Each structure stands twice: as structure tokens, then as C-alpha cells.
Amino acid sequence: MKKLTLTFDNGPTPGITDAVLETLERFGVRATFFLVGTQLQKAEARVLAEEASARGHRIGNHTYSHGAPLGEQLSPGVARDEILRMHDLLGDLAGVVPLFRPNGRGRMGPHLLSHESVETLSTIGASVVLWSSVPKDRKVDVPTPDAWLVQAKQDVLAQAWPVMALHDRPSGHPDAGPMQYLHEFLSWTHDQQIEIVQEIPSEQMPMQKGQPMPELSRFITPA
């Protein structure tokens, strides 16, 4: 049976994340949410994050401000602050093994991490979680809020075990935007007998519990 790991980036967003949580609950799906600090520090968003955790979803660090990729932020202390400020804000939501997803603007490469960010992540014993599918959903990229479904389905069928990065944030489309079609996508995966799991395949974790894997060097900006 093919597998799929679902993740959601850039939230929590009231009016979007809560609807995502209800849809996931309806299908009995557990996911991982990679949160941004500037969102999480809002009281209503914090409530959503705590609700997600209480429902069995994992909560990860997607930097404090979601600015430029950390491999492009080479001023001393900037990458460390982006990681640790968010790590502190998460508190108990981070769990026993902190999960971190770098902001890469949807692309892989050495722009993802700096040597400072790697040292910081190692210090807190974090696992770095990448992705293998990022269906485009912003209005600047696709004309309709349901357009992401085509790429999402293609990636699921083409990969043995994709790690999909969806977004519970405003997309430029009206109302709830792309995530109002999450129900349709999950119905399709059910019909296709795709097993949705919370586990993350090791090949998408170039750092595990603070320990660098051999492939980590591919994602670090040269000193």
C-alpha cells in the first residue's frame, strides 16, 4: 500500500487551521503542523496550535518570522535567533524531539540552512524535516483555489511515499481558499487506498535528533 505523510506550513491561521483540523478529524488523519512564530504569538492562533496538539497532531518549528531561507541569512546570530525564538515560543508543544522545517521557498538546495543554523538545531536535538511535494496553491501561482489538487494527486501517484507540504495560511484566494478542498483530496486518497501516516520517512530527515545524516551537507550554504 502506498503511503503519504501530510504536513501543513505557515499557520496557525484562524478561519483556516480550524477548518483543516475538523476535516482531518473527520477522516481520522494525523498530520504535522510547522508553525511560524509571528502567527503563534497571537492568542487565537495559540489556541488552535494547542487544539491541534491535543488531537494528536505533531507541532514543528518553521522559524519565527518565515523570512529569507536561513542559508541566505549569514549575519551572525540571525539564524540562531529565528530557530531558538520559535523553539521557546513553542514550549511544550515542541514535544520530546523538536521538529524543524526550513523555509526554502518550495525549493531544495544549499540555501535551506547555514552552518550556524545546523549547530543550533543540533544543540536542541532537533530533527530536520524536508518535503517531496509542494502543490502550488497561491493565487499568484494558480488561477483557482482547487488547482493544487491536480499536482497533489500526481505526486501521490508518482512517489512511493511523498511528504506533502500544504499550507494553512492565506493564499490570496477568497474565503478559506485551497484548504476548503482538503476534504475532496482526502476522499480521493481513501478511494485510491493510500495510507496516510504521521511517520516521516528517514530520507526526508537529513538531521535526526540532532545528529546530521550524510545528505545534510547538500542543504547547507558553504562557509
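These exercises work through helix packing and buried cores in a predicted model.

Residues are numbered from 1 along each chain as its sequence is written. Local features need pLDDT of at least 70, side-chain atom pairs count only at pLDDT 80 or more, totals for chains, interfaces and linings use all residues, and side-chain values use heavy atoms, with hydrogens and water left out.

**Exercise 1. Describe how α1 packs against α7 and against α3.**

Step 1. Fix the terms. Helices (H or I, at least four residues) and strands (E, at least two) are DSSP runs, numbered from the N terminus. Axes are lines fitted to C-alpha atoms, for helices over the stretch in contact, and angles run from 0 to 180 degrees between N-to-C directions.

Step 2. Take α1 and α7. Their axes come within 10 Å and cross at roughly 20°. The pair is therefore roughly parallel (angles under 35 degrees). The crossing is right-handed (the near helix is turned clockwise from the far one by less than a right angle).

Step 3. List the contact (heavy atoms within 4.5 Å). From α1 come V20, T23, L24, R26 and F27; from α7 come L182, H183, L186 and S187. By class, five are nonpolar, three polar and one charged. Here Ala, Val, Leu, Ile, Met, Phe, Trp, Tyr, Cys and Pro count as nonpolar, Asp, Glu, Lys and Arg as charged, and the others, Gly among them, as polar.

Step 4. Turn to α1 and α3. These axes also come within 10 Å, crossing at roughly 15°. This crossing is left-handed. T17, D18, L21 and E22 of α1 meet L48, E51 and A52 of α3. The classes are three nonpolar, one polar and three charged.

**Exercise 2. Where does V20 sit, and what does V20 touch?**

Step 1. V20 is in helix α1. Its relative accessibility is 1%, so V20 counts as buried (under 20% relative accessible area, 1.4 Å probe, protein chains only).

Step 2. Leave out residues up to four places away in sequence. V20 then touches F8, F33, D168, M179 and L182.

Step 3. Check one distance. V20 and M179 are 159 residues apart along the chain, yet their C-alpha atoms are separated by 6.8 Å.

**Exercise 3. Which residues touch the most other members of the largest nonpolar core?**

Step 1. Define the set. A nonpolar core joins buried Ala, Val, Leu, Ile, Met, Phe, Trp, Tyr and Cys residues through side-chain atoms within 4.5 Å.

Step 2. The largest core has 32 residues; L6, F8, L24, F33, L182 and F185 touch the most other members. Elements supplying at least two residues each include β1 (3-11), α1 (17-27), β2 (32-35) and α7 (182-191).

Step 3. Another core, of 17 residues, lies apart; L70, L112, L121 and A126 are among them.

Step 4. Follow F185. Beyond its neighbours within four places in sequence, F185 contacts L4, L6, W148, L149, A152, K153, V156 and M164.

**Exercise 4. Analyse α5 and its contact with α4.**

Step 1. The axes of α4 (residues 78-90) and α5 (residues 115-123) come within 8 Å and cross at roughly 35°. The crossing is right-handed.

Step 2. V78, A79, R80, I83 and L84 of α4 meet E116, S117, T120 and L121 of α5. That contact has five nonpolar, two polar and two charged residues.

Step 3. E116, S117, V118, T120 and L121 are the buried residues of α5. Their cover includes α4, β4 (99-100), β5 (127-128) and β8 (207-208).

Step 4. After α5 comes G125, with a positive phi near 70°.

Notes. Buried < 20%, exposed > 50% of the residue type's maximum accessible area, 1.4 Å probe, protein only. Parallel < 35°, antiparallel > 145°, perpendicular 65-115°, else oblique.
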